[in-house]
Amino acid sequence: MQSLEGKVALVTGASSGIGAAVATALAKAGVKVTAGARRTDRLAALTGGEIFPVKLDVSDEQSVRDAVAATVERYGRLDIVVNNAGVMLVGPVQGADTSEWNRMVQTNLLGSMYVAHAALPYLLESKGTIIQTSSTSGRTASAGSGAYAATKFGINAFTEALRQEVTTQGVRVVQIAPGMVDTELASHVTDPAMLEMAAKLYASVRTLRPEDVAEAVLYAVNQPAHVAVNEILIRPTDQV
Ligand code: NDP
């Protein structure tokens, strides 16, 4: 275990679900946290320690650069990045509203790549840790999840390449792949049949709580500097 006291983190998508739980858990552990998302009212409501709310749209590269700069300007360093912001607009390929594909690629994939790119110089300086949020959908694609799964498979590829580039420079790259977590994620699905299916699926298991995923993130960042937890797969016990 290493002390997290005084470390500085940027958590994207911190206004709800997993991101809010991770930001809170890190702050409680003594980390100074920049919490980024578009709904700043939600960020302002986060409590538990030093949390700096920043308006962030990860699909906008300038907004990403500004959030990283604001963090470093305020706290002087950056040790932990939790690349968590994401949307899941699932539905079949046939007849899909391709603007939803665009939104998922822009947010989940390109957005997280922008964050890694902007934060990397500071992580190299601090020998920090970057957490990349994938999914069980980044391991197995299934009917109806094509575009979402493509973004998560893409995150895995980018993550492994980044790991190989920076691990010997002391930066730890961690991919976390949760199964079903009780958050707002599935509620944004616009396809009525998929929305109903997702609701039923989530209701059929004892889902993970966002705090369960936050615990896993804490486990990875708490390791001593020579230990890199590269992948975490965490599912509800009931999820097949
Ligand atoms: P939520 O919908 O509760 O949270 C998503 C977060 O992403 C919100 O804070 C939202 O904030 C933020 N976000 C969305 N678009 C943007 C954007 N353009 N810029 C900045 N922030 C954005 O869902 P989860 O907590 O479940 O999702 C978090 C991550 O976990 C996602 O990457 C998701 O794919 C992944 N995941 C979730 C699983 C689950 O079952 N819930 C399973 C596996 C992975 P705002 O709208 O305020 O900008």
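1. In this predicted model, the shell around the ligand draws at least two residues from α1 (17–28) and at least two from α4. The shell comprises 31 residues, and the closest to the ligand are G13, G17, R38, R39 and G86. By class, the shell residues divide into 15 polar, 12 nonpolar and 4 charged.

2. The central element for the description of the fold is an open sheet of 7 strands, paired in parallel and ordered β3-β2-β1-β4-β5-β6-β7. β3 (51–55) and β7 (231–234) stand at the edges with a single partner strand each, so one side of each has no neighbour in the sheet. From one strand to the next, the twist averages 15°.

3. At the β7 edge, the pairing can be given in detail. Strand β6 (residues 172–178) pairs with β7 in the parallel sense over 4 bridges. P178 has I234 of β7 as its bridge partner. As for the helices on the sheet, α4 packs there and touches β1 (8–12), β4 (80–83) and β5 (129–133). The direction of α4 makes about 175° with that of β4.

4. Helix α3 (residues 61–75) packs against helix α4 (residues 98–126) with an angle of about 30° and a distance of 9 Å between the axes. Angles under 35 degrees count as roughly parallel, and α3 is therefore roughly parallel to α4. Their crossing is right-handed. On the α3 side the contact is made by E61, V64, R65, V68 and V72, and on the α4 side by Y114, V115, A118, A119 and Y122. These contact residues comprise 8 nonpolar and 2 charged, with no polar ones.

5. α1, already noted as a contributor to the ligand shell, also packs against helix α7 (residues 210–221), at an angle of about 50° and with the axes 8 Å apart. The two helices are therefore oblique to each other. The crossing of α1 with α7 is right-handed.

6. In the contact between these two helices, G17, I18, A20, A21, V22 and A25 of α1 meet P210, E211, V213, A214, V217 and L218 of α7. The contact of α1 with α7 has 10 nonpolar residues, 1 polar and 1 charged. G17 thus deserves a separate remark: this residue of α1 takes part in the contact with α7 and is also among the closest residues to the ligand.

Methods
Residues numbered from 1 in each chain as written. Predicted model: local features only at pLDDT ≥ 70, side-chain atom pairs only at ≥ 80, totals over all residues. Axes fitted to C-alpha atoms, helices over the stretch in contact; angles between N-to-C directions. Parallel < 35°, antiparallel > 145°, perpendicular 65-115°, else oblique. Left-handed = near helix turned anticlockwise from the far one by under 90°. Contact = placed C-beta atoms within 7 Å. Nonpolar A, V, L, I, M, F, W, Y, C, P; charged D, E, K, R; others polar. Near = placed C-beta within 6 Å. Pairing = 2+ DSSP bridges.
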